[in-house]
Amino acid sequence: MTQPVTIRPLGYSDLPQVIAVERRVFPTPWSLAMFVLELSKPSGVCLAALVDGKLVGYLICARYDQIWHLMNIAVDPSARRRGVATGLLARMLERAGPDAPYTLEVRTSNSGAIALYEQFGFRAAGTRRRYYQDTGEDAMIMWRTTADRSGTGFAG
Ligand SMILES: CC(C)(COP(=O)(O)OP(=O)(O)OC[C@H]1O[C@@H](n2cnc3c(N)ncnc32)[C@H](O)[C@@H]1OP(=O)(O)O)[C@@H](O)C(=O)NCCC(=O)NCCS
């Protein structure tokens, strides 16, 4: 039986669980200080996803002027392909506004994340050469703008 996923604002007290997932998921994980900095910004959208009271995913989205930057999203490997990231992104769009411009960077090899972002109307818009210092991999830059979203299931 699939347990329901709860999405709520991320708090400082979630950070030990966030760090545990972050270290499992990323080759170069964010430090605690990076999460604290993003949580301290009043304009940001920071969300937690919980199953049965346990944190299984999180999302960090920061606002720079009028543009939203999706900085981090991760789901624990044990909770993937159950719509957790979909729930986080849908809530982000609700909170930050469906018509605002959004951007992100993603490893060009991360086809799963790219497929997820495309479902939400993000589109490739160039690369940053050797953006990831750990592997030297390029980043794909993606944007979600009103003009890009015609024909997507999640168009607001
Ligand atoms: C990318 C990630 C956040 C997706 O989380 P998730 O909760 O499993 O995603 P969802 O269940 O909401 O997936 C929704 C859809 O996205 C696509 N998708 C997600 N992961 C995928 C994968 N590994 N391969 C192919 N498609 C994928 C699918 O279309 C999926 O729908 P489906 O399961 O019905 O086929 C998760 O795999 C993760 O944490 N990866 C490591 C961290 C990471 O890469 N973060 C992004 C950095 S830019």
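This passage describes the sheet, the helices packed on it, a surface patch and the salt bridges of a predicted model.

The model contains an open sheet of 7 strands. Strand order is β1-β2-β3-β4-β5-β7-β6, and the pairing is mixed. β1 (5-9) and β6 (123-128) stand at the edges. Each has a single partner strand, so one side of each lacks a neighbour in the sheet. Neighbouring strands are turned against each other by 25° on average, direction ignored.

Two hairpins involve β3 (54-64). In one, β3 follows β2 (residues 45-51), and the two strands run antiparallel, joined by 7 bridges. Ala 49 stands opposite Gly 57 of β3 in this pairing. The hairpin has 2 residues between its strands, and Asp 52 in the turn has a positive phi of about 55°. In the other hairpin, β3 and β4 pair in the antiparallel sense over 8 bridges. Here Cys 61 stands opposite Leu 70 in β4. Again 2 residues lie between the strands, and Asp 65 in the turn has a positive phi of about 55°. β3 is mostly covered, with 8 of its 11 residues buried.

The pairing of β4 (residues 67-75) with β5 (residues 102-107) is parallel and spans 2 bridges. Trp 68 has Tyr 102 in β5 as its bridge partner. Helix α1 (residues 15-25) packs on the sheet and touches β3 and β4. The direction of α1 makes about 90° with that of β3. Helix α4 (residues 111-119) also packs on the sheet. α4 touches β4, β5, β6 and β7 (139-144), and its direction makes about 160° with that of β5.

A nonpolar patch on the surface is formed by Tyr 12, Leu 32 and Val 36. Together these residues have about 280 Å² of accessible area. Val 36 belongs to helix α2 (residues 32-40). With a relative accessible area of 32%, Val 36 is partly exposed, because the partly exposed class runs between 20% and 50%.

The model has 8 salt bridges. One of them links the side chains of Arg 91 and Glu 94, at 3.7 Å from N to O. Both residues lie in helix α3 (residues 84-96). They are 3 residues apart, so about one helical turn separates them. Arg 91 is partly exposed at 27% relative accessible area, whereas Glu 94 is exposed at 61%.

Another salt bridge connects strands. The side chains of Arg 128 and Glu 105 meet at 3.2 Å, N to O. Arg 128 lies in β6 and Glu 105 in β5, so the pair ties together parts that are 23 residues apart in sequence. Arg 128 is partly exposed, with 34% relative accessibility. Glu 105 is buried, with a relative accessible area of 15%.

The side chains of Arg 107 and Asp 134 also form a salt bridge, at 2.9 Å from N to O. Arg 107 lies in β5, and Asp 134 lies in the loop between β6 and β7. The pair therefore ties together parts that are 27 residues apart in sequence. Arg 107 is buried, at 17% relative accessible area, while Asp 134 is partly exposed, at 34%. Salt bridges with shared partners join Arg 107, Asp 134 and Glu 137 into one network.

Note on methods:
Residues numbered from 1 in each chain as written. Predicted model: local features only at pLDDT ≥ 70, side-chain atom pairs only at ≥ 80, totals over all residues. Heavy atoms only, no water. Pairing = 2+ DSSP bridges. Helix = DSSP H or I, 4+ residues; strand = E, 2+ residues; numbered from the N terminus. Axes fitted to C-alpha atoms, helices over the stretch in contact; angles between N-to-C directions. Contact = heavy atoms within 4.5 Å. Patch = residues over 30% accessible without salt bridge, like charges linked within 9 Å, V, L, I, M, F, W, Y side chains within 5 Å. Areas by Shrake-Rupley, 256 points an atom, 1.4 Å probe, with all protein chains shown as cover. Salt bridge = Lys/Arg side-chain N within 4 Å of Asp/Glu carboxyl O. Buried < 20%, exposed > 50% of the residue type's maximum accessible area, 1.4 Å probe, protein only.
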